Amino acid sequence: MLLSPKSSIRPNLAKPRLTKMRVLTTCIYCGCGCGLWLEAENGKIVGSYPSQNHPVSKGGLCIKGWNAYEFINSPDRLTVPLIKLYRNSLSPSPHSSPLRGEEVGGGVSSRGGNFEESGWNEALSLVSKKLLQFKEQYGPDSLAFLSSAKATNEENFLMMKLARAVFKTNNIDHCARLCHASTVVGLAATFGSGAMTNSINEFEKADLFLVTGSDTTEQHPLIGSRIINAVLDKGAKLIVVDPRRIELTKYATIFMQQNNGTDVAWINGMMNVIIKEKLHHQKYVEERTENFAGLKELVKDYPPEKVEKITKIPANLLIQAARLYAQTKKAMIVYSMGITQHTTGTDNVKSLANLAMLTGHVGLPSTGVNPLRGQNNVQGACDVGALPDLFSGYQKITDKAVRDKFERAWKVENLPADPGLTVTEIFKKVKEGKIKGLYIMGENPLLSDPDSNQVRKALEKVKFLVIQDIFMSETAEYADVVLPAASFAEKDGTFTNTERRIERIRKAIEPKGKSKPDWQILAEIGKRCGYREMDYRHPSQIMDEIAALTPIYGGISYERLEPFGLQWPCPTKEHPGTPYLHKNEFTKGKGSFIPSHYVAPDESPDREYNFALSTGRVYWHWHTGTMSRRTSLLAREVPSAYVEMHPADAEKLKIKEGEKIRVSSRRGRIEIAVKLTKKVKEGSLFIPFHFREAAANVLTNPAIDPVAKIPEYKICAVKIEKI
Ligand code: SF4
């Protein structure tokens, strides 16, 4: 049975009938936001299929979308709340043990003994009681909250509200800190808005793509195929700048394989050529931007010959690329975490924005600067304020008028005014003993954050850890309380994809076991803490609250999102949404050129640690593998961890395909099988970070960008040994 769009927007409080049905929803994996149908039979999801009419996916899905259901039925799903009882506790009752984590020493799960099943009442009472107790005893900033780019907008908004209105702390952040924090900061500074400027459908009409730091066909497959189709069918040109010989290089007009971590240098080099040859858009620069003189002065220092020495990009290739980009009418810059995950991530993003403004390639269809957001709802989690310095809609917490508005709406006083801690800072403060209580929703930092051994120490140290998730992740093993959450198929809500499209997800089946949607759990905790303003019957009411408080979402309601969503800014009920930004002027008025000098990565190969390691994802898996490794087809294709190595390096070291080697950095070591490939350069290695048995983040460098606080995942120095 197909649900009509009209019927699907109503609160679905009734239990689905035990029949076969299909429900239109949005893919849970990447930021493309493809539309898919979930097929349910007798209360179980049995298939997922593409939506022919969806404006982004247009009847297509990648392999993850086609298989976005098996994990929902996994026997590993968390179905009841769990409370850890400690071996040395005099009393087995969690209620009589005020600081249960203190009773055991360090060590893994050593933090505690065994989990025991509990009822919701007991688990929620324990969580609210402990968090309130810590707030009173140690102050509001002894608590921290990690929200989730996999959860809905409504759930992220509620976690933000819980942290700020109930516990009076701004210590709330999520994994955007680890992927695109530098985009949010860099594009906000140059353009006034830290989001993708254009739309996925505009890829079809572009004349040129400059793709850098994005393995698009692996990470955003639907967008990758749009680029390839534009090249093959419409003759679009493609410039790829990447340290790895990625799939897109097969279709590239120009491929520039730079040394990892040298992006500011090559971008400045392109601008040097463009200005020197007077290929910049003089009128656009004069009318729409400021600080051209500053940019011109700085990029004088980056002639192509000097850039070649830093980046290893041949000078003549850089000159050709600069001319081609500047002289093409509709040119789109596309980038992702190869640009952002550096200690110079913010400078990298600002430099790309400079390049686009210099050539007039912003504010028109099929142009712009287009960061591809990774997680399905990382854009939305940022939009609704799961960030330590911003309320929803990027409204500053330091602005008294904004705080007053939220205080009136939420019926609270004294919302905290100082920016809170970021993800990376939170774990540091836990280790210093400053953060005592940590509440993590839908994240697995033990595998996803850099320098895992230090994250492990923090998880061992924190006094009270709450994990809310659909699976018992590696991080959840350290929890005091585990709250079982419903999957995306078991709840209503919205995700916002990479092109700012707010889209519905729709409930197809009942939550598994006793699990509950995240929004219900968070609202329950708020209410148990004595806060009355978290009483919702359906997520559409939370969206109404978001719209009332958030100008860029001002015109959004569940009715208006039918059938396929709207793109923000959408400030009023009549506004049709915005496919591309900065049309006649930038969000901040004039666009600002903010030039930067090249600074080397925090850690480069040396005599001892002589390889440059980069990490990332592969097509078949997703993040820490909690969903994709529980999907048989995906797990079969790539069952285990590997390190990519150039055959020339392997020959020198007498290493064979498939051989297990030890890879060590200054922070830890792993043992992993070798995959020989010319995708990586000689002297470089690449490890996907999905695999707990050889976790890449044991090796990565936690050094951060000083502004965006994003870690430098994309380069660290390692050595290898035969074992
Ligand atoms: Fe899902 Fe992304 Fe694949 Fe689309 S491209 S089906 S959103 S994983």
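How many cavities of 30 Å³ or more does the count come to here? Hi everyone, let's take that as our way in. The count comes to four cavities, and please keep in mind that we are looking at a predicted model.

Let me start with the largest cavity. Its volume is about 640 Å³, and 41 residues line it. If you want to find it on your screen, look for Ser148, Lys150, Gln375, Gly442 and Glu443, which lie nearest its centre. As for secondary structure, at least two lining residues each come from helix H5 (176-179), strand S15 (464-469) and strand S21 (611-616). The chemistry of this lining is mixed: 17 residues are nonpolar, 17 are polar and seven are charged.

And where does the largest cavity lie? Domain 2 (82-178 + 377-487 + 513-537) contributes residues to the lining, and domain 4 (611-722) does too, so the cavity lies between these domains.

On to the second largest cavity, which holds about 80 Å³ of space. Here I can read you the whole lining: Cys27, Tyr29, Cys30, Cys32, Gly33, Cys34, Leu61, Cys62, Lys64, Gly65, Pro221 and Leu222. By class, nine of these are nonpolar, two are polar and one is charged. Two helices, H2 (63-66) and H8 (221-234), each provide at least two of the lining residues.

Now for the pockets. The largest pocket has about 770 Å³ of space in it. It is lined by 34 residues, and Val184, Ala188, Gly194, Leu390 and Tyr394 are the ones nearest its centre. Which helix gives the most to this lining? That is H6, with five residues. Helix H6 spans 181-190, and both H6 and H5 supply at least two residues each. You may remember H5 from the largest cavity, where it also supplies at least two lining residues. The pocket lining splits into 18 nonpolar, nine polar and seven charged residues. Because domain 2 and domain 4 both give residues to this lining, the largest pocket lies between them.

The second largest pocket contains about 590 Å³ of space. Its lining has 38 residues, and those closest to the centre are Pro243, Arg244, Asn260, Ser614 and Lys714. In this lining we count 13 nonpolar, 17 polar and eight charged residues. Helix H14 (337-340), strand S21 and strand S25 (684-688) each supply at least two residues, and the largest share, five residues, comes from S21. Strand S21 is another familiar name, as it also supplies at least two residues to the lining of the largest cavity.

Why does the second largest pocket lie between domain 3 (197-371) and domain 4 (611-722)? Simply because both domains give residues to its lining.

Before I stop, a quick look at how two helices pack. In general, such a pair is described by the angle between the axes and the distance between them. Our pair is helix H9, residues 263-276, and helix H13, residues 315-327. Their axes come within 9 Å and cross at roughly 70 degrees. Angles of 65 to 115 degrees count as roughly perpendicular, so H9 is roughly perpendicular to H13. As for handedness, the crossing of H9 and H13 is right-handed.

That's my tour; thanks for listening, and I'm happy to go back to any of these sites.

Key: Residues are numbered from 1 along each chain as its sequence is written. This is a predicted model: local features need pLDDT of at least 70, side-chain atom pairs count only at pLDDT 80 or more; totals for chains, interfaces and linings use all residues. Side-chain values use heavy atoms; hydrogens and water are left out. On a 1 Å grid over the protein atoms alone, a cavity is a set of points where a 1.4 Å probe fits but cannot get out, and a pocket is an open set with protein on both sides within 12 Å along at least five of seven lines; lining residues have an atom within 4 Å of a point. Grid points are joined across faces, edges and corners, and a volume is the space filled by probe spheres set on the points. Helices (H or I, at least four residues) and strands (E, at least two) are DSSP runs, numbered from the N terminus. Ala, Val, Leu, Ile, Met, Phe, Trp, Tyr, Cys and Pro count as nonpolar, Asp, Glu, Lys and Arg as charged, and the others, Gly among them, as polar. Domain bounds come from an automatic or database domain assignment. Axes are lines fitted to C-alpha atoms, for helices over the stretch in contact, and angles run from 0 to 180 degrees between N-to-C directions. Angles under 35 degrees count as roughly parallel, over 145 as roughly antiparallel, 65 to 115 as roughly perpendicular and the rest as oblique. A crossing is left-handed if the near helix is turned anticlockwise from the far one by less than a right angle, and right-handed if clockwise.
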